[in-house]
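Let's take an easy walk through one model. Have the sequence and the 3D view handy.

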Amino acid sequence: MNADEGTRAARDLGVLVVDDDTFTRATVLKLLAGIGTRRMWDVPDGAAALDFLRRRGDQVDVLLCDLEMPRMSGLDLLHALRTASGYAHANIPVIMLTVHREADMVKRAISYGITGYLVKPVTRTDLVKRLALVTPRAR
């Protein structure tokens, strides 16, 4: 898939940005808008993400989630999603946002079932590449 195809695919995704840093959330939302994403939301932590998914999860195709957050970290959110029996959104794609480049942290996140990861600061090119891994779910 080339960059243009990746950008077109991103337009149809429902994206929930989960990050405790207001600036990062605003930056990622701006990048998403810049590639034409039409449905996007943001919340400040994993607990708020779980609440959002309970209420509007049928509209969300992918999470862009910070790894380290107070209250409920990205790994804790991912673990909660992947281990809850009968949870409707247990298999939702999750792309981690992180400043970590260490192999052990990335391996740990992979073992929890992430779809991919982006190293901060997030760029448009990297965002399009990662979102290309996610196909909109049938509604």
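What follows looks at one strand with its partners, then at an aromatic pair.

This is a predicted model, where local features need pLDDT of at least 70, side-chain atom pairs count only at pLDDT 80 or more, and totals for chains, interfaces and linings use all residues. Residues are numbered from 1 along each chain as its sequence is written, and side-chain values use heavy atoms, with hydrogens and water left out.

Start with strand β3, residues 62-66 (strands are DSSP E runs of at least two residues, helices H or I runs of at least four, numbered from the N terminus). Five of its five residues are buried, where buried means under 20% relative accessible area, exposed over 50% and partly exposed in between, with a 1.4 Å probe and protein chains only. V62, L64 and D66 point one way from β3, while L63 and C65 point the other way. In a regular strand, side chains alternate between the sheet's two faces.

β3 has partners too (strands pair if DSSP finds at least two bridges between them):

| Strand paired with β3 | Sense | Bridges | A bridge pair |
|---|---|---|---|
| β1 (residues 14-18) | parallel | four | V18 with C65 |
| β4 (residues 94-98) | parallel | four | I95 with L64 |

How many aromatic pairs does a search of the whole structure find? One: W41 and F52, tilted, at 5.5 Å centre to centre and 50° between the planes. Rings of Phe, Tyr and Trp (its six-membered ring) pair if their centres lie within 6.5 Å; planes under 30 degrees apart count as stacked, over 60 as edge-to-face and the rest as tilted. W41 lies in strand β2 (residues 39-43) and F52 in helix α3 (residues 46-56), so the pair ties together parts 11 residues apart in sequence. W41 counts as buried at 15% relative accessibility, and F52 is buried at 6%.
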